[in-house]
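This report goes through the fold as a whole and then a handful of individual residues. The sequence and structure come before the discussion.

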Amino acid sequence: MSAWPLVHEAVLDPTIEPFVKVHGEPAYSYYGKMPEMNGLMRKAMSGVSVPFMTSVLDSYNRFKGVKQLVDVGGSAGDCLRMILQKHRFIYEGINFDVPEVVGEAPSILGVTHIGGDTFKSIPAADAIFMKWVLTTWTDDEYKLIMENCYKALPAGGKLIACKPVLLDDSNESQRTRALLEGDIFVMTIYRAKGKHRTEQEFKQLGFSAGFLHLRLYRVLDY
Ligand SMILES: C[S@@+](CC[C@H](N)C(=O)[O-])C[C@H]1O[C@@H](n2cnc3c(N)ncnc32)[C@H](O)[C@@H]1O
């Protein structure tokens with residue numbers, strides 16, 4: 001009886017995520033209040049990110065010269081742990097996520113967990129890593145996170161953002177289908193205006209936050 005009217009309401013108001021309609025608040029603050037959900041999310045991210053990062057680190061090696069690295073939205077710290085294990089010259093890792101997530105993260109050699117909010121400020125370091133964080137936000141939110149990244153970096157510092165890139169023209173490929181299906185997931189759970197983006201969209205948003213040079217490295221073929 002209750003499920004159908006809720007689904008119809010969400011469809012009729014495309015500015016509000018169905019998750020908010022059902023739970024009364026955005027997904028991340030909801031997870032934060034529910035330790036079980038929070039734990040599940042951390043486990044899920046580790047489960048997909050560890051094998052994914054193994055492939056990424058096989059082909060992306062541009063960490064040379066980095067001594068301090070902050071992972072923004074780093075969850076339990078698995079990505080940072082793997083980067084530090086491979087690139088021993090990075091002597092300080094900062095795993096930055098919301099307090100409820102880092103509060104339960106395991107201790108990792110060389111890594112400090114710091115709780116905070118990407119929309120307020122990001123700890124300073126000479127490079128930033130950020131994987132699977134920006135897709136869930138609107139263009140304005142994306143820009144705000146990028147501006148905070150910019151402020152956290154020294155002159156010549158670099159932001160390494162790892163995320164899928166949408167092709168300009170959608171086609172029938174498995175890749176396009178997976179990304180568009182991912183958009184539906186993002187729009188349902190996180191932000192009605194969150195989405196995967198094209199190279200041009202990344203360039204424009206990065207440029208508007210002060211990042212003048214964007215280089216794309218293809219790390220996985222699928
Ligand atoms: C999709 S997960 C990605 C986790 C990790 N980067 C990975 O690839 O395994 C997004 C992460 O962003 C974090 N996050 C969401 N909102 C945040 C905020 N306002 N400030 C800091 N972190 C946030 C979430 O807690 C979550 O760990």
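## Overall dimensions and composition

For a chain of 222 residues, a compact globule would have a radius of gyration near 17 Å, and the 18 Å found for this protein agrees with that expectation. The structure is a predicted model, and its C-alpha atoms fill a box of roughly 60 × 40 × 30 Å when the principal axes are used as the frame. Nine helices and seven strands make up its secondary structure.

Of the 222 residues, 42% count as buried, while the accessible surface comes to about 12,700 Å², with 58% of that area belonging to carbon and sulfur atoms. Among the contacts between residues at least 6 apart in sequence, 66% join residues that are at least 24 apart. The protein carries 25 positive and 26 negative charges, and the mean positions of these two sets are 7 Å apart.

## Helix H5 and its surroundings

Helix H5 spans residues 78-86, and its buried residues are Asp78, Cys79, Leu80, Met82, Ile83 and Leu84. These buried residues pack against helix H4 (35-59) and against four strands, namely S1 (68-72), S2 (92-97), S3 (111-115) and S4 (127-131). An α-helix has 3.6 residues a turn, so residues three or four places apart point the same way.

Asp78, which is found in helix H5, counts as buried because its relative accessible area is 16%, under the 20% cut-off. The side chain of Asp78 makes a polar contact of 2.5 Å with the side chain of Ser46. When residues up to four places away in sequence are not counted, Asp78 touches Ser46 and Val50.

## The loop before H5 and its link to Arg42

Ser75 is found in the loop between S1 and H5, and its phi is near 55°, a positive value in a residue other than glycine. At 12% relative accessibility, Ser75 counts as buried.

Ser75 is also among the residues in contact with Arg42, whose place is in helix H4. Leaving aside neighbours within four places in sequence, the contacts of Arg42 are Ser75, Ala76, Glu100, Val101 and Glu104. Arg42 is itself buried, with a relative accessible area of 15%, and its C-alpha atom is separated by 6.0 Å from that of Ala76, although the two residues are 34 residues apart along the chain.

## Arg191 and its polar contact

Arg191 lies in the loop between helix H8 (174-189) and strand S7 (197-198). With a relative accessible area of 17%, Arg191 falls under the 20% cut-off and is therefore classed as buried.

The side chains of Arg191 and Glu141 are joined by a polar contact of 2.8 Å. Once neighbours within four places in sequence are set aside, Arg191 is in contact with Glu17, Pro26, Thr136, Trp137, Thr138, Glu141 and Val186.

## Trp132 and helix H7

Trp132 lies in the loop between S4 and helix H7 (139-152), and its phi is positive, at about 60°, although Trp132 is not a glycine. Its relative accessible area of 27% makes Trp132 partly exposed, whereas Ser75, with its own positive phi near 55°, counts as buried at 12%.

Lys151 is found in helix H7 and counts as exposed, because its relative accessibility of 67% is over the 50% cut-off. The C-alpha atoms of Lys151 and Pro123 are separated by 9.3 Å, with their positions 28 residues apart along the chain counted as sequence separation.

## Tyr30 in helix H3

The place of Tyr30 is in helix H3, which covers residues 27-33, and at 16% relative accessibility Tyr30 counts as buried. Not counting residues up to four places away in sequence, Tyr30 touches Phe19, His23, Glu25 and Met37.

How far apart in space are Tyr30 and Ile90, C-alpha to C-alpha? The two are 34 Å apart in space, and 60 residues apart in sequence.

Notes: Residues numbered from 1 in each chain as written. Predicted model: local features only at pLDDT ≥ 70, side-chain atom pairs only at ≥ 80, totals over all residues. Heavy atoms only, no water. Helix = DSSP H or I, 4+ residues; strand = E, 2+ residues; numbered from the N terminus. Rg over C-alpha atoms; globule rule 2.2 N^0.38 Å. Buried < 20%, exposed > 50% of the residue type's maximum accessible area, 1.4 Å probe, protein only. Contact = heavy atoms within 4.5 Å. Areas by Shrake-Rupley, 256 points an atom, 1.4 Å probe, with all protein chains shown as cover. Lys, Arg positive; Asp, Glu negative; His and termini not counted. Charge placed at Lys NZ, Arg CZ, Asp CG, Glu CD. Polar contact = N/O pair within 3.5 Å; in protein donor to acceptor, adjacent residues only side chain to side chain.
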